[in-house]
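User: Please take a close look at one sheet in this model. I would like to see how its strands are arranged, and then how that part sits within the rest of the chain.

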Amino acid sequence: MGAPRLWAVAILAVTLVGAGALRFGGQQAAAPGAPAAAPAAVSAERAALAALAPGDRPDGCIQPDRRIQLYAVELPKDGTQIRLGYGLTPETASYPGPLIEMIEGECLAITLHNQVPEATLAALRQDPSLPLGVSLHTHGVKYTPTSDGTIHTDSWVPPGGQYTYIWYAKPRNATAGSQGSAGYWWYHDHMVGTSHGTRGLSSGLFGGLIVRRQGDVRPNRTYVTAFGDLQSINLRRGAATDTCDPVNPVPGPTCIVAKKGERVEFLVIGMGNDMHTFHLHGHSWADTRTGALDGTNKALVDSVPVIDNKTLGPGDTFGVQIVAGDSVGSGNWMLHCHMQFHSDQGMATMMHVLNPDGTLAPHSADHAPAAAAGAPAAHGGHQ
C-alpha cells in the first residue's frame with residue numbers, strides 16, 4: 001500500500017510555525033531523549049483508529065495512522081459580520097483554521113465537532129429548506145463519498161454533533177502513472193448558508209492542508225494567506241491585515257514575521273469569486289511544486305522560471321518558499337494583490353524581516369485609505 005508507516009510521525013501544524021521552534025497544534029514528534037508513549041496508550045489508540053469507518057476508507061488506507069479532533073465554533077463578530085472558525089480545541093479556533101500537514105502515504109481520521117449555535121447557523125442560512133449543520137470538505141487528497149463533506153452525501157454535522165472524515169494522502173507511483181497527493185491544498189465548509197457552504201467560507205470556515213513528499217525541503221515558518229472577495233486577505237483589509245506589535249511581534253494570521261535567513265513558506269488560497277495575484281516585495285521563488293528548487297542539474301535549474309508574482313483564481317492553491325531577507329536584509333516587505341484597485345482598497349499586508357534585536361523596523365501600519373481599512377462590511381453572499 002505504498003511506503004512503510006514507520007515514518008508516520010507526520011505532524012499537524014497550526015496555521016503557522018512559530019518563531020524560534022516548531023509549534024504544533026496536534027501530535028508532536030518527541031524530542032530526543034523524551035520518554036515514549038506508554039504501550040497501553042499506544043495500543044488503545046491503535047484499536048480506536050482501527051475501529052473507525054471500516055467500510056469508508058479510500059483504496060490504500062488500511063486504517064488511519066493518526067486521529068485529530070477539530071471543532072467548529074462561533075467567534076466574536078467582526079463589526080456586524082458573523083465569524084466562525086475551526087480549531088484543534090474550541091478555545092483555539094481561528095480563521096484561517098489550523099494548518100494540517102500530512103506526508104504521502106499517510107491516512108488521517110478527523111473528527112469534526114459542531115459547536116456553532118443553531119441560531120447562528122439559521123441566521124446564515126440562505127435557503128430555509130436546507131438543514132442546519134457544518135462540514136469538512138478537502139482538496140487534493142483521496143476520500144470516499146462518506147468523507148466528501150457535502151449535503152448530497154449526508155456527510156455533515158448537525159449542531160452539537162460530531163462526524164469522522166477519512167483522508168488519504170496517496171503516494172506517488174511512477175510505474176502506475178500516479179502523481180500522488182503532494183501539494184498545497186485547502187479544506188473548508190460545504191454546508192453553511194447554501195449547499196455549497198458559501199456563507200461558511202465567507203464567515204471563516206476554511207484552512208490550509210499541505211501534503212509533503214519524503215525529502216521535501218522543510219521551512220522554518222509557514223503562513224496561510226487566503227485571498228478573497230471584497231479585497232480581503234484572511235477576511236481582513238487594510239490595517240486589520242497587520243497587527244504585529246513592533247516590540248514583541250507574535251506570529252499569526254495577521255502578523256507575518258521572520259528572522260533574516262529563515263526559510264518562510266506561504267500557502268496561498270483563492271476563495272470567493274475574484275481573480276487575484278500574489279506578489280511579495282523584495283523576494284522571489286522558483287515556479288515549482290514547493291516554490292523551492294534544489295540540485296545541481298543545470299538544465300533543470302535553467303528550465304524553471306523564477307517569479308515574484310503569481311495569478312490566483314477561485315479555488316486555486318499553491319505554495320511559495322523564500323529565504324527571508326535574502327540579499328535585501330531586514331525590513332518590512334509588502335505582500336499584496338497586484339490588481340491595482342484591489343491593493344488600493346486594502347488588499348495588502350507586510351512580511352516583517354526582524355532586526356537583529358527581534359524588533360520590527362519602523363513602518364506605517366496602514367496599507368490602504370482609512371475608509372477601506374478594517375474588515376469588509378456585512379453582506380449576504382460571498383466574501
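Analyst: In this predicted model, four strands form an open sheet in the order β3-β8-β7-β5, and the pairing within the sheet is mixed. The edges are held by β3, residues 100-103, and β5, residues 137-138. Each of these two has a single partner strand, so one side of each is left without a neighbour in the sheet.

At one of these edges, β3 runs parallel to β8, a strand that covers residues 206-212, and the two are joined over 4 bridges. Within this pair, E101 has I210 of β8 as its bridge partner. As a general point, the strands of a sheet pair through backbone hydrogen bonds, in either a parallel or an antiparallel sense.

Another part of the chain offers both senses of pairing around one strand, β12, which spans residues 263-270. With β9, residues 221-228, the strand β12 is paired in parallel through 7 bridges; here V224 is bridged to L267 of β12. With β17, residues 317-323, the strand β12 is paired antiparallel, also through 7 bridges, and F266 has V320 of β17 as its bridge partner. Strand β12 is mostly covered, with 7 of its 8 residues buried.

The wider setting is as follows. The protein chain contains 5 helices and 19 strands. Of its 383 residues, 52% are buried. Among the contacts in the chain with a separation of 6 or more, 72% link residues that lie 24 or more positions apart. The chain exposes about 15900 Å², and carbon and sulfur atoms supply 55% of that area.

There remains the question of enclosed space. Rolling a probe the size of a water molecule over the atoms shows where empty space is left. The count for this model comes to 1 cavity of 30 Å³ or more, and the largest cavity holds about 40 Å³ of space. Its lining is drawn from L121, R125, L130, P131, L132 and G133, together with M191, V192 and G193. By class, 6 of the lining residues are nonpolar, 2 are polar and 1 is charged.

To return to the sheet in the request: its order is β3-β8-β7-β5, with β3 and β5 at the edges and a parallel pairing between β3 and β8.

Definitions and conventions. Residues numbered from 1 in each chain as written. Predicted model: local features only at pLDDT ≥ 70, side-chain atom pairs only at ≥ 80, totals over all residues. Heavy atoms only, no water. Pairing = 2+ DSSP bridges. Buried < 20%, exposed > 50% of the residue type's maximum accessible area, 1.4 Å probe, protein only. Contact = heavy atoms within 4.5 Å. Areas by Shrake-Rupley, 256 points an atom, 1.4 Å probe, with all protein chains shown as cover. 1 Å grid on protein atoms, 1.4 Å probe; cavity = no way out; pocket = protein on both sides within 12 Å on 5 of 7 lines; lining within 4 Å. Points joined across faces, edges and corners; volume = space filled by probe spheres on them. Nonpolar A, V, L, I, M, F, W, Y, C, P; charged D, E, K, R; others polar.
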